[in-house]
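Biologist: Hi, could you walk me through this one? I'd like to get a feel for how it is put together.

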Amino acid sequence: MRLESVAFRYHRRGPWVLKDVTLTLPAGTVTEVTGRNGAGKSTLLRLIAGLRRPHKGAVHDRPTRVGYAPERFPVDQPFEVRSYLNHMSAMRGVPPSSVSAWTERLGLEHLLNVRLPELSKGSAQKVGLVQALMDEPGLLILDEPFAGLDAATRDSLPSLIAELAAGGTTVVISDHQRTIEKLPELGRIRVANAEVVHLPSALPTSTPPATPRSPEPTPAVGPPHQAEPTTATRATEHPEHSGRIAAAEGTELREHIRAAEGVRALDDGGSGGAHGREGAAAWTVLTVIVREDEADAVESRLRAEGHDVRRAEK
């Protein structure tokens with residue numbers, strides 16, 4: 001399917017949430033949508049799914065069967081899980097066996113008699129996934145599907161997504177936790193400034209660590225053997241916007257890092273592994289050194305901002 005010059009805003013004279021979006025989503029591919037909170041990721045997903053109509057432009061060749069799992073499944077409904085799923089399957093003409101297969105695969109059988117408002121967030125996410133998957137969709141839209149899931153389901157979902165793509169399903173997914181980043185041939189786009197830019201599908205396998213120009217001891221960081229380096233790398237390949245986005249995000253990232261307790265940011269001036277790649281001029285490489293017990297929290301916050309993060313090997 002293809003989005004051609006698509007633009008959208010919520011009010012007639014309001015600001016454009018998205019503008020001039022042209023995007024091709026081939027069958028059997030997985031595309032990850034990244035971007036800051038409020039950038040328009042969920043709006044883009046709804047446009048792709050057909051839940052919103054663009055104010056300008058057009059969407060072509062959308063598959064007939066579309067599965068959509070929202071970021072927050074609407075649990076304020078007077079149904080038990082079983083009744084809700086049976087109702088949805090009847091509306092779509094899906095056989096009960098398909099519902100049973102997905103509830104079993106996602107570990108939802110023991111909750112079938114539970115009322116929707118009584119579900120935890122993770123269990124509600126599973127219900128949303130089942131209703132999205134039951135119809136063997138040709139297009140599957142997942143908005144933060146990993147939020148709140150139990151570890152077993154979270155670990156199994158990437159392989160499930162790869163399996164669907166191998167069968168010809170087009171999958172578009174927003175994932176702050178970056179759980180799918182190891183999928184082969186993963187396409188990646190970023191929503192920023194009401195526009196969509198393509199990102200490299202993979203980062204260099206290794207990036208030489210930066211050397212501080214003026215290394216001075218910082219009490220909050222601790223000695224080197226107690227710190228674990230984390231390399232945050234960002235890129236955009238859009239020639240018209242790369243400079244503006246890189247400059248703006250570089251400032252935001254530095255402020256974000258310096259605001260974190262016990263963090264020291266060392267700008268390597270663009271040196272390192274990014275420079276042998278196509279579009280290297282649009283890359284900025286930072287080395288972030290944090291205390292080991294804070295590394296996970298800082299990494300999660302950077303990923304939530306849509307940045308690519310790779311930890312240096314110990």
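Modeller: Happy to; we can go through the overall makeup, the cores, a helix pair and a few single residues. Keep in mind that this is a predicted model.

Biologist: Good to know. How many helices and strands are in the chain?

Modeller: The chain has seven helices and 13 strands. Of its 314 residues, 49% are buried.

Biologist: And what share of the contacts join residues at least 24 apart?

Modeller: That share is 74%, counted among contacts between residues at least 6 apart in sequence.

Biologist: Let's go inside. Which residues touch the most other members in the largest nonpolar core?

Modeller: Val-30, Leu-85, Val-127 and Ile-161 do, in a core of 37 residues. At least two residues of this core come from each of helix H2 (81–92), helix H3 (96–105), helix H4 (121–133), strand S6 (139–143), helix H5 (151–166) and strand S7 (170–174). H4 gives the most, with six residues.

Biologist: What does Ile-161 touch, leaving out residues up to four places away in sequence?

Modeller: Ile-161 touches Val-30, Leu-142, Phe-146, Val-171, Ile-173, Ile-180 and Leu-183. There is also a second, separate core of 23 residues, and Phe-8, Val-17, Leu-23 and Ala-49 are included in it.

Biologist: Back to H4 for a moment. At what angle do H2 and H4 pack?

Modeller: The angle is about 20°, and their axes are 10 Å apart. With an angle under 35 degrees, H2 therefore counts as roughly parallel to H4. The crossing of H2 past H4 is right-handed.

Biologist: Which residues meet there?

Modeller: From H2 you have Val-81, Tyr-84, Leu-85, Met-88 and Arg-92, and they meet Val-127, Val-130, Gln-131 and Ala-132 of H4. Seven residues of that contact are nonpolar, one is polar and one is charged. Leu-85 and Val-127 should sound familiar, as they are among the residues that touch the most other members of the largest core.

Biologist: Nice link. Switching topic: why is H1 largely enclosed by the rest of the structure?

Modeller: Helix H1 covers residues 41–49, and seven of its nine residues are buried, so the rest of the structure largely encloses it. The buried ones are Lys-41, Thr-43, Leu-44, Leu-45, Leu-47, Ile-48 and Ala-49.

Biologist: What follows H1?

Modeller: Gly-50 does, and its phi is positive, near 90°.

Biologist: How about Ser-174, buried or exposed?

Modeller: Ser-174 is in strand S7, and its relative accessibility of 1% makes it buried. Beyond its neighbours within four places in sequence, Ser-174 is in contact with Val-33, Lys-41, Leu-45, Leu-142, Asp-143, Glu-144 and Pro-145. Two of those partners, Lys-41 and Leu-45, are buried residues of H1.

Biologist: And where does Ala-147 sit?

Modeller: Ala-147 is in the loop between S6 and H5, and with a relative accessible area of 13% it is buried. Its C-alpha atom is 7.9 Å from that of Lys-121, a residue 26 places away along the chain. Setting aside neighbours within four places in sequence, Ala-147 is in contact with Lys-121, Gly-122, Gln-125 and Gln-177.

Biologist: Last one: what about Arg-2, in strand S1?

Modeller: Arg-2 is partly exposed, at 33% relative accessible area. Arg-62 is 60 residues from Arg-2 in sequence, yet their C-alpha atoms are 7.6 Å apart. Not counting residues up to four places away in sequence, Arg-2 touches Thr-22, Leu-23, Thr-24, Ala-58, Val-59 and His-60. Among these, Leu-23 is included in the second core.

Methods: Residues are numbered from 1 along each chain as its sequence is written. This is a predicted model: local features need pLDDT of at least 70, side-chain atom pairs count only at pLDDT 80 or more; totals for chains, interfaces and linings use all residues. Side-chain values use heavy atoms; hydrogens and water are left out. A nonpolar core is a set of buried Ala, Val, Leu, Ile, Met, Phe, Trp, Tyr and Cys residues joined through side-chain atoms within 4.5 Å. Buried means under 20% relative accessible area, exposed over 50%, partly exposed in between (1.4 Å probe, protein chains only). Helices (H or I, at least four residues) and strands (E, at least two) are DSSP runs, numbered from the N terminus. Contact means heavy atoms within 4.5 Å. Axes are lines fitted to C-alpha atoms, for helices over the stretch in contact, and angles run from 0 to 180 degrees between N-to-C directions. Angles under 35 degrees count as roughly parallel, over 145 as roughly antiparallel, 65 to 115 as roughly perpendicular and the rest as oblique. A crossing is left-handed if the near helix is turned anticlockwise from the far one by less than a right angle, and right-handed if clockwise. Ala, Val, Leu, Ile, Met, Phe, Trp, Tyr, Cys and Pro count as nonpolar, Asp, Glu, Lys and Arg as charged, and the others, Gly among them, as polar.
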